[in-house]
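Hello,

Here is the structure I promised to pass on to you. Please open it first, and then read my notes below alongside it.

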Amino acid sequence: MIVSAHLPVIQVIIPLIAAPVCSLLPKSRIAWIFTSLISVATFLVSIAITLQVNTIGLLSYNMGNWPAPWGISYYIDHLSALLLVLISAIACITLISSRALLEQEIPAHKRSLFYTAFLLCMTGLLGIVATGDAFNVFVFLEISSLSAYALIAMGRDRKALMAAYQYLIMGTIGATFILIGIGLLYMQTGTLNMLDLHQRISTIASFRSVHAAFAFFTVGIFLKLALFPLHQWLPNAYTYAPSAVSIFLAATATKVALYLLYRVFYTLFGFEFSFEVLHLSSILMPLSIIAVIVSSLVAIFQTDVKRMLAYSSLGQIAYMTLGISLQTQAGLIASIIHLFNHAFIKGALFMCLACLASSIKTTQCQGLAGVGRSHPWVCAAFVLGGLALIGIPPTSGFISKWYLVSAIFESSSWWLAIIVMFTSLLAVVYVWRVVEQMYFREPTSELVSLHATPRLLLAATWLMIFLTVYFGIDNRYPVSMASAAVESLL
Amino acid sequence: MKKNPILRETSHVLIPVILLFALYVQFHGDYGPGGGFQAGVIFASGIILYVLLHGIKKTEKIISLQTTKLLAALGLLIYCAVGVAGMLLGGLFLEYNVLAADPVAGQHWGILFIELGVGITVASVILAVFYAFAKFEK
């Protein structure tokens with residue numbers, strides 16, 4: 001067996017096989033060590049895949065050696081490779097640093113199952129990215145969503161159950177819509193392989209059922225993506241989930257939904273059909289603009305910082321869809337680069353909150369008064385992450401905004417640039433509110449550190465911040481991957 | 001259940017038949033209609049009938065909640081093991097042709113074990129879900 005030939009499938013089955021094993025492990029500490037090792041292995045595989053993609057180009061793998069249009073095939077191009085690295089890197093950092101958080105937030109008898117659900121969620125997300133089969137996408141979407149509902153429901157707050165339930169209902173509607181879309185296409189073409197579907201759709205593009213399938217896909221993906229006005233599930237889910245889950249989901253789940261958007265609208269339906277025949281942009285652009293303005297405004301008025309970051313995520317996702325709606329190569333590159341950068345920025349910020357939550361037991365804005373003195377390292381990390389969110393050099397947030405605004409000028413719609421600038425100012429406002437509480441308020445008497453900040457978690461936070469700054473200075477990796485990805489998408 | 005002798009006695013006759021039929025659906029699945037999922041559901045329904053007759057405590061002496069969790073994991077691992085075996089024997093993931101000397105026998109063995117894994121997991125997950133509801137108090 002030559003391992004390098006099997007990498008696309010190994011990437012997905014490592015966490016899949018590890019999950020049932022993990023559910024049988026008795027002690028949570030052993031489960032943690034096991035899961036961490038698995039996540040490191042997954043990360044290494046994703047690096048190996050990236051190297052392979054960079055030398056060979058498109059990787060393909062036929063399950064059970066059934067040839068392409070009949071069997072399930074995995075295709076990995078530059079875009080998939082970028083996402084695989086992103087998911088496995090974030091999972092790796094989150095899992096290794098999460099032990100202290102879990103000991104505080106999850107009852108002992110549930111911890112092995114927590115890690116099991118985490119591994120399954122990883123499997124699902126990696127699978128969506130790796131597979132080239134439309135129905136397989138749905139299966140992995142369900143694996144990742146169902147395990148995500150379970151993970152969110154484990155939050156300590158009783159509202160976590162409600163949030164998970166809300167996400168379950170909305171997520172199921174989204175997945176069902178995607179399934180109906182797949183069903184309609186299968187009915188018309190008799191194939192599920194995405195590349196094969198693309199060829200067949202071009203001959204029947206005027207069929208009403210293909211248009212209906214497109215509509216179902218659009219709504220389903222927008223729901224999973226939490227694009228305004230289908231975003232209601234996201235703030236609660238991120239706010240009440242256990243800290244480790246917030247970090248992981250905020251950094252990866254919506255990104256994978258965005259990946260699905262690229263795949264479905266560019267690879268499956270094709271650019272011409274999605275943007276020139278059916279004018280996806282005319283709905284995507286207004287929704288993105290409203291989303292970015294409304295969610296930034298709402299973020300300003302949140303009292304819980306975790307909730308504020310959740311609303312900020314909604315706005316940031318809208319920047320990515322705004323890039324797509326420009327219908328240019330530069331816009332798509334900007335979208336992919338922001339997807340990559342934002343994952344690390346938001347991951348880092350949620351990690352700062354996890355540090356604070358484990359130390360002073362609150363993420364309420366009021367409760368953070370004066371923590372700059374007692375937790376200087378955490379707050380410094382938050383400030384840097386906040387700067388990245390606003391888009392100030394030398395952070396990766398600046399690179400994202402730079403590419404986005406350049407793309408906007410290139411398509412000569414300058415008024416969009418004004419909106420991007422204005423919403424960046426709104427980001428200044430909501431980040432500043434927290435920074436002000438941290439540094440310029442007297443600590444209230446009740447602020448006592450119940451626990452020391454977990455060291456591993458703090459180190460992981462700074463690793464994420466370091467990556468944010470690193471990709472702000474040396475952005476060759478995401479930019480080269482994004483450019484190569486766009487070459488194959490358009 | 002002492003009050004309903006007819007229900008009790010009929011069920012006692014039926015339960016072994018149900019379990020046997022489940023095994024038939026399981027292992028005849030590659031020749032006729034059936035397969036792991038259906039067999040798993042039938043098998044679990046046989047045991048659920050036993051719970052309705054004799055209560056959860058007596059049933060748990062035969063199959064405990066812990067055992068169902070173990071079996072659920074085991075079934076998935078059997079499935080994955082078949083897939084990985086294909087890789088180790090020089091084929092691709094889930095390639096059955098390489099599992100035996102000739103491809104036809106390989107396909108046969110492959111799907112048999114895959115469906116066995118599915119059957120075990122489905123039966124034990126349905127039981128686990130049933131236990132979770134049956135043991136729910138307050």
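L44(A) counts as partly exposed because 13 C-beta neighbours lie inside 10 Å of this residue, and a residue would need 20 or more to be called buried. You will find L44(A) in helix α2 of chain A, which covers residues 28–56. If you would like a partner to look for, try A89(A): this residue is 45 residues away from L44(A) along the chain, yet the two C-alpha atoms are separated by 9.1 Å. Please keep in mind throughout that this is a predicted model.

Further along chain A there is a helix pair to look at. Helix α18 spans residues 396–410 of chain A and helix α19 spans residues 414–440. The two pack with their axes 8 Å apart, at an angle of about 155°. Angles over 145 degrees count as roughly antiparallel, so that is how α18(A) and α19(A) run relative to each other. Their crossing is left-handed.

Which residues of α18(A) and α19(A) meet? On the α18(A) side they are K401(A), L404(A), V405(A), I408(A) and F409(A). Facing them from α19(A) are W414(A), L416(A), A417(A), V420(A) and S424(A). Sorted by class, the residues of this contact are eight nonpolar, one polar and one charged.

Now to the place where the two chains touch. Here 14 residues of chain A are in contact with 17 residues of chain B. On the chain A side, α1 (7–24) and β1 (59–62) each supply at least two residues. The largest share comes from α1(A), with seven residues. What classes of residue make up the side of chain A that touches chain B? There are nine nonpolar and five polar residues, and no charged ones.

Finally, a few words on chain B itself. This chain has four helices and zero strands, so to speak a plain α-α-α-α pattern when read along the sequence. Its C-alpha atoms fill a box of roughly 60 × 35 × 20 Å, taken along the principal axes. Chain B has 138 residues, and 33% of them count as buried. Among the contacts in chain B between residues at least 6 apart in sequence, 61% join residues at least 24 apart.

If you want a route through the model, you could begin at L44(A) in helix α2, move on to the pair α18(A) and α19(A), and end where chain A is in contact with chain B.

Enjoy exploring, and best wishes!

Terms used: Residues are numbered from 1 along each chain as its sequence is written. Chains are lettered from A and ligands numbered from 1 in the order in which they are written. This is a predicted model: local features need pLDDT of at least 70, side-chain atom pairs count only at pLDDT 80 or more; totals for chains, interfaces and linings use all residues. A residue is buried if 20 or more other C-beta atoms lie within 10 Å of its own, exposed if 12 or fewer, and partly exposed in between; C-beta atoms are placed from the backbone. Two residues are in contact if their C-beta atoms, placed from the backbone, lie within 7 Å. Ala, Val, Leu, Ile, Met, Phe, Trp, Tyr, Cys and Pro count as nonpolar, Asp, Glu, Lys and Arg as charged, and the others, Gly among them, as polar. Axes are lines fitted to C-alpha atoms, for helices over the stretch in contact, and angles run from 0 to 180 degrees between N-to-C directions. Angles under 35 degrees count as roughly parallel, over 145 as roughly antiparallel, 65 to 115 as roughly perpendicular and the rest as oblique. A crossing is left-handed if the near helix is turned anticlockwise from the far one by less than a right angle, and right-handed if clockwise.
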